[in-house]
Amino acid sequence: MVSVQTEAITPEVVNNALRTVMDPDLHTDIVTLGMISDIKIEGGKVFFKLTLTTPACPVKEKLETEAKEAVAKIPGVTEVEMESGAAVAGLKPRGKEPVEGIRQIIAVTSGKGGVGKTTVSVNLAIALAQLGARVGLLDADITGPNVPLMMGVDDYQPVAKDNRILPTENYGVKVISMAFFVNRETPIIWRGPMLDKAIRQFLRDVQWDELDYLIVDMPPGTGDAQLTMVQATQLSGGVIVTTPQEVALLDGQKGLAMFQQMDVPVLGFVENMSYFQPPGSTERFEIFGHGGGKRVAEAAGVPFLGEIPLDTSIREGGDLGAPITATNPESPVSQAFIEIAKQVAAQVSIHALTPA
Ligand SMILES: Nc1ncnc2c1ncn2[C@@H]1O[C@H](COP(=O)(O)OP(=O)(O)O)[C@@H](O)[C@H]1O
Ligand SMILES: [Mg+2]
């Protein structure tokens, strides 16, 4: 008689099974990455906790399924119970002073204005919040602050508590902007030192509480505000927004060069106004050409994060203070923003968790 010898199920056996599940972005198994905890075994029933590096993980379902299946395959296991959650890692220290409570700071930039930086910042922030992250949005365009209009919070009267400025909140995103502090009709003509002070105050004197991601909508170009932002704290990285035209691409490359010179990781390129698709049609009209953002990203060896079509619902949502990602998250345009949000979150995790 041959008796089938089954190995006793121990936490080590469970861990070994889970070691076969790889995170495709981090190229490491989920046990080594510290994603597995709280293993409990009762007879044939196994319980464990899976903690992803971001609630916006693009491979969330894949990792969850593979982890459950890996444990289910262990001989003798009759039932698997998995609790899935996420914890955004903190910034990897690189010598600059972090902002207390804020895990990751993402700068959204472009070489020139009008390419959709604010539009991308706003929809990216809302998408990350919808995916379950705690998100803030800092309008660093001190002299041309557009975030409040697009976020529908332009009537906010700032309040201070215990010597700290309280941000406002809409669509699950905390917001601060210079527009709250100045008269809309008065042009802001601040220069160097004042810009510098305002940006530093927005980082450190605002009651952000705990944030997974602070999105920073940068002013166009590579001037004083960019320098301040890069120097004032440690950034997780920059997202460069570009349109498919050659000029915008060249400007995008300047943004890339600035980040690289300042030792800020480039999270990738987003191509905005990529193509136009008439409602109900499957045909795409490539008004400004197409694919330039991807080519520039590839040539520079940085990730391409995705493309956003030219769509009237995007402009209307912005003008009305009701961004498309908030009002119609199921629409293809919103799905494009949500996909980009996941790619950005994945890049942030990669930079936070892999050695420099
Ligand atoms: N993909 C898009 N489709 C249609 N309109 C867009 C799109 N992206 C941006 N816009 C519009 O273009 C204008 C400029 O965008 P904005 O985000 O303010 O650019 P930036 O911050 O780079 O100056 C806004 O009116 C905005 O609504
Ligand atoms: Mg803008």
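A residue counts as buried when its relative accessible area is under 20%, as exposed when it is over 50%, and as partly exposed in between. The views below are taken from a predicted model.

**Figure 1. Two domains and the contact between them.**
The protein is divided into domain 1, residues 11-86, and domain 2, residues 102-353. Over C-alpha atoms, the centres of domain 1 and domain 2 are separated by 34 Å. Domain 1 contributes 8 residues to the contact and domain 2 contributes 13 residues. Between them the two domains bury about 820 Å², and 71% of this area is on carbon and sulfur atoms. Which three residues supply more of the area that domain 1 buries against domain 2 than any other three? They are Pro 55, Ala 56 and Pro 58, which supply 51% of that area.

**Figure 2. Close-up of Pro 58 at the domain contact.**
Pro 58 is one of the three residues that together supply 51% of the area domain 1 buries against domain 2. Pro 58 lies in the loop that runs between strand E4 (45-52) and helix H2 (60-72). The relative accessibility of Pro 58 is 25%, a value between the two cut-offs, so Pro 58 counts as partly exposed. Leaving out residues up to four places away in sequence, Pro 58 touches Asp 25, Lys 342, Gln 343 and Ala 346. Ile 106 is 48 residues from Pro 58 along the chain, and the C-alpha atoms of this pair are separated by 18 Å.

**Figure 3. Packing of helix H3 against helix H11.**
Helix H3 spans residues 117-130 and helix H11 spans residues 332-353. The axes of H3 and H11 are 9 Å apart and form an angle of about 80°. Are the two helices roughly parallel or roughly perpendicular to each other? Angles from 65 to 115 degrees count as roughly perpendicular, and H3 and H11 are therefore roughly perpendicular. On the H3 side the contact is made by Thr 119, Val 120, Asn 123, Leu 124, Ala 127, Leu 128 and Gln 130. On the H11 side these residues meet Phe 337, Ile 338, Ala 341, Val 344 and Ala 345. Sorted by class, the contact has 9 nonpolar residues, 3 polar residues and no charged residues.

**Figure 4. Two buried residues of helix H3, Thr 119 and Leu 124.**
Thr 119 is found in helix H3, and so is Leu 124. Thr 119 has a relative accessibility of 15% and counts as buried. With neighbours within four places in sequence left aside, Thr 119 is in contact with Met 150, Ile 314 and Phe 337. Leu 124 is buried as well, at 2% relative accessibility. Residues touched by Leu 124, not counting those up to four places away in sequence, are Val 108, Ile 215, Ala 341 and Val 344. Leu 124 and Phe 337 are 213 residues apart along the chain, with 6.2 Å between their C-alpha atoms.

**Figure 5. Pro 244 and Ala 257, before and within helix H7.**
Pro 244 belongs to the loop between strand E13 (237-242) and H7. The relative accessible area of Pro 244 is 5%, so this proline is buried. Gly 292 is 48 residues from Pro 244 along the chain, and their C-alpha atoms are separated by 5.0 Å. Ala 257 is in helix H7 itself. Its relative accessible area is 34%, and Ala 257 is therefore partly exposed. From C-alpha to C-alpha, Ala 257 and Ile 350 are 21 Å apart in space, with their positions 93 residues apart in sequence.

**Figure 6. Two loop residues with positive phi, Asn 163 and Asp 263.**
Most residues other than glycine have a negative phi. Asn 163 is not a glycine, yet its phi is positive, about 70°. Asn 163 sits in the loop between strand E8 (159-161) and strand E9 (164-166). Is Asn 163 buried or exposed? Asn 163 is exposed, at a relative accessible area of 79%. Asp 263, likewise not a glycine, has a positive phi of about 65°. The loop that holds Asp 263 connects helix H7 (246-261) with strand E14 (266-271). Asp 263 is exposed, with 52% relative accessible area, a value over the 50% cut-off.

Terms used. Residues numbered from 1 in each chain as written. Chains lettered and ligands numbered in written order. Predicted model: local features only at pLDDT ≥ 70, side-chain atom pairs only at ≥ 80, totals over all residues. Heavy atoms only, no water. Helix = DSSP H or I, 4+ residues; strand = E, 2+ residues; numbered from the N terminus. Buried < 20%, exposed > 50% of the residue type's maximum accessible area, 1.4 Å probe, protein only. Axes fitted to C-alpha atoms, helices over the stretch in contact; angles between N-to-C directions. Parallel < 35°, antiparallel > 145°, perpendicular 65-115°, else oblique. Contact = heavy atoms within 4.5 Å. Nonpolar A, V, L, I, M, F, W, Y, C, P; charged D, E, K, R; others polar. Domains from an automatic or database assignment. Buried area = accessible area lost by both parts, 1.4 Å probe.
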